[in-house]
Amino acid sequence: MNLNLNTKLAEGYSSNSQIAKRLTECWVKENSYCPCCGETTLYNFENNKPVADFYCIKCNEEFELKSKKGKFSNLINDGAYATMIERLNSNKNPNFFFLTYSKTWTVENFFIIPKQFFTPEIIIKRKSLPDTARRAGWTGCNIDVSGIAEAGKVFIIKETQLINPKIVRDSFKKTLFLREKSAESRGWILDVLTCIDLIKKE
Ligand SMILES: [Zn+2]
């Protein structure tokens, strides 16, 4: 796995956010594998499909990519609040890939938050855009990652170190049972997992 983002792909793009999106998406396509089944290639959805960025042709898992320069903060900017809540309630939300890269465009962390760890409680509504904005009244959301149990962060790369793919697959599969639970009992189990994390012992 090559940890350098291919900066040649930035040619022709001027906005920083577009460059970051292009470079990180291409990196995932060329370097990542499916954390669920191990399939070596992930495919892109057509641009601007609202649901997700990538899918696995073998096991049908879907992934949305979020990336950030520098350290990850606990609040991650996402799209429209109403759409996010609707997706969660209808179980149509994808898994999330999170990628952080350095100033010199090196991938430092790359991890998955499996979709069963998303609950409405971790989706924080942002202020609606003011009347003077082009999209007045539009309300976005943040994802509060601090509320997610450690079992819900499956690292493929941690501080530039590659994690053994078998460990990645096992960690991903370990919590799939949560998908079968009702929203209420899933919420309870996730809260219990978060409490267990607070006990810093085996
Ligand atoms: Zn797969």
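**Close-up views of a predicted model**

**View 1. An open sheet of seven strands.** In this predicted model, seven strands come together in an open sheet with mixed pairing, and their order is 1-2-3-5-6-9-10. Strand 1 (43–44) and strand 10 (161–162) are the edge strands; each has a single partner strand, so one side of each is left without a neighbour in the sheet.

**View 2. Strand 2 beside strand 3.** Here we look at residues 54–55 of strand 2 and residues 62–69 of strand 3, which run antiparallel and are joined by two bridges. To find your bearings, look for Phe54, which stands opposite Phe63 of strand 3.

**View 3. Helix 1 across the strands.** Residues 16–31 make up helix 1, which lies across strands 1, 2, 3, 5 (95–101) and 6 (107–113). Relative to strand 3, helix 1 runs at about 130°.

**View 4. Trp105 in the loop between strand 5 and strand 6****.** Trp105 is worth a pause: its phi is near 60°, a positive value in a residue other than glycine. Is Trp105 buried or partly exposed? Trp105 is partly exposed, because 18 other C-beta atoms lie within 10 Å, while a buried residue would need 20 or more.

**View 5. Thr160 in the loop between strand 9 and strand 10****.** This loop follows strand 9 (154–158) and leads to strand 10. Thr160 is not a glycine, yet it has a positive phi of about 65°. With 12 other C-beta atoms within 10 Å, Thr160 is exposed, since the cut-off for that class is 12 or fewer.

Conventions
Residues numbered from 1 in each chain as written. Predicted model: local features only at pLDDT ≥ 70, side-chain atom pairs only at ≥ 80, totals over all residues. Pairing = 2+ DSSP bridges. Helix = DSSP H or I, 4+ residues; strand = E, 2+ residues; numbered from the N terminus. Contact = placed C-beta atoms within 7 Å. Axes fitted to C-alpha atoms, helices over the stretch in contact; angles between N-to-C directions.
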